[in-house]
Protein chains: 2
Amino acid sequence: MFDCLKLENQLCFPLYAASKEVIRKYKPFLDKLDLTYTQYIVMLVLWENENVNVKELGEKLFLDSGTLTPLLKKIEDKGYIIRNKSEYDERNLVISLTKDGKILKRKALDVPKGISKCVNLTNEEAMTLYNILYKILKK
Amino acid sequence: MFDCLKLENQLCFPLYAASKEVIRKYKPFLDKLDLTYTQYIVMLVLWENENVNVKELGEKLFLDSGTLTPLLKKIEDKGYIIRNKSEYDERNLVISLTKDGKILKRKALDVPKGISKCVNLTNEEAMTLYNILYKILKK
DNA sequence: CATAATTAAATTGTACACAATTTAATTTGT
DNA sequence: ACAAATTAAATTGTGTACAATTTAATTATG
C-alpha cells in the first residue's frame, strides 16, 4: 500500500517532468525568435486572434493577471505587441500585434517543424496523449 | 499550413497546462502537510530512499541545485529534513529525514487517494498517459 | 607531488506562477 | 440617481525554474 507514495507511481510527476522536458526542447528554437516559452504561447494566441484582452488570454492559457501583466510588458518592450485600454470599457486592456509581431509569425513556422523531430513519439502516440491531456483540461 | 501554429495543435501547450492543472488539484491536500508541490516530490524521493545527495535528487526530479538549494533549506526550516555534508566527500550534501519527516509519510498516504478521485481519467487512460510520458522522459 | 581538471553545491540574475490584496471602472439594486 | 456589488488589471509577496558563474573539495596528470 505504501507503493502509492512512490514517485514513479504518481501521475503528477511524469506529467510535470515531461512538460518541462518538452519546454526545454523548445528553447533553442524560441531563442531565435527572442521569446521565452510563455511569451511564445501568448504570441500563438495573438497570431490566431487579434485584439485579445488580458482576461481572455488568461482563460486560454490558464494564467492570471499576476503572471500576464509583467509578461505582456516585456513582450511590448521587445516591440511585438501594444497594450491599450479598451475605449468601450477602460477596465479592459486590449493586446494587439505590431508589424514586427505579425512578421514574427512567419519565422515561428519553423518552431513546430523542428520540435516534431525532437520529440520521439509516433503520430498515434501524440494523438492519444493529446486526447487524454484535453480530457484533463476539460471543465 | 498556418494551422501548425495554432495553440491547440501544439503538444507542448496541453502538456504544460494539464501539468499545472493537476498540480493545482494537489494543493488542498498538500496544504494539510504544509508542503508545496515541489517540496512534496522531494519528500517522495526521501520516503523511498534515505540519505540522498543534492545531485541524485536533481537527477530523479529533473531539477538543478539552483532550484534545490533554497527548496531544501525551506524544508529543513519546517523540520522535515536535515542537510549534512558527507564525511567521505565534503562536496556532497546528504539529505536525511527527521523524525517529523518520517511521521509525515503516514499523513501523506491520503494524498494519492484524494487525487485519484479528482482526476477524471479511467485506469486505462491513466496507464496509457503514464507510458507515453515516460517515453518522452527516457534518455 | 603540485598543479590542472573535474565535480558538487551554492550563488546570482532573470522569468515565470499564483494567492491575496488593491485600484479603478462599470453594473446593479433600491 | 447613487451607494453597493462586481469586474478587470495591477500590485505584492512567496516559491519555484534554470542558465551562468563562483566556491570549495577531490581527482587526474605531467
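**DNA strand C**

Select DNA strand C in this predicted model: 29 residues surround the strand, a residue being near a molecule or strand if one of its heavy atoms lies within 4 Å of it. The closest are T36(A), Y16(B), K55(B), S65(B) and T69(B). Of the strand C atoms within 4 Å of the protein, 78% belong to sugar or phosphate, and the rest to bases.

Next, display the polar contacts, which are pairs of N or O atoms within 3.5 Å; within protein, one must be able to donate a hydrogen and the other to accept it, and residues adjacent in sequence count only if both atoms are side-chain atoms. A side-chain N or O atom of Q39(A) lies 2.8 Å from a phosphate oxygen of DNA strand C. For the side chain of T69(B), the distance from an N or O atom to a phosphate oxygen of the strand is 2.8 Å, and for the side chain of R83(B) it is 2.9 Å.

Now colour by secondary structure; helices (H or I, at least four residues) and strands (E, at least two) are DSSP runs, numbered from the N terminus. Two or more residues of the surface near DNA strand C come from each of α2 and α4 of chain A, and α1 (12–31), α3 (54–61) and α4 of chain B. By class, this surface has 7 nonpolar, 10 polar and 12 charged residues. Here Ala, Val, Leu, Ile, Met, Phe, Trp, Tyr, Cys and Pro count as nonpolar, Asp, Glu, Lys and Arg as charged, and the others, Gly among them, as polar.

**DNA strand D**

Move to DNA strand D, which has 28 residues around it. Y16(A), S65(A), T69(A), T36(B) and Q39(B) come nearest. Sugar or phosphate accounts for 80% of the strand D atoms within 4 Å of the protein, and bases for the rest.

Select Q39(B): an N or O atom in its side chain is 2.6 Å from a phosphate oxygen of DNA strand D. At K55(A), a backbone N or O atom lies 2.8 Å from a phosphate oxygen of the strand. A polar backbone atom of L93(A) is 3.4 Å from a phosphate oxygen of DNA strand D. The surface near this strand divides into 7 nonpolar, 10 polar and 11 charged residues.

**Where the α1 helices meet**

Select α1(A) and α1(B). Their axes come within 9 Å and cross at roughly 145°. Axes are lines fitted to C-alpha atoms, for helices over the stretch in contact, and angles run from 0 to 180 degrees between N-to-C directions. Show the side chains in contact (heavy atoms within 4.5 Å): among them are L15(A), V22(A) and Y26(A) of α1(A), and L15(B), V22(B) and Y26(B) of α1(B). The contact has 14 nonpolar, 2 polar and no charged residues.

**Within chain A**

Finally, select chain A, which has 7 helices and 3 strands. Helices α2 (residues 37–48) and α3 (residues 54–61) of chain A pack at about 115°, with their axes 11 Å apart. That angle makes α2(A) roughly perpendicular to α3(A), a term for angles of 65 to 115 degrees. I41(A), V42(A) and V45(A) of α2(A) make the contact with L57(A), K60(A) and L61(A) of α3(A).

**Reading the labels and values**

Residues are numbered from 1 along each chain as its sequence is written, while chains are lettered from A and ligands numbered from 1 in the order in which they are written. Local features need pLDDT of at least 70, side-chain atom pairs count only at pLDDT 80 or more, and totals for chains, interfaces and linings use all residues; side-chain values use heavy atoms, with hydrogens and water left out.

Terms used:
Parallel < 35°, antiparallel > 145°, perpendicular 65-115°, else oblique.
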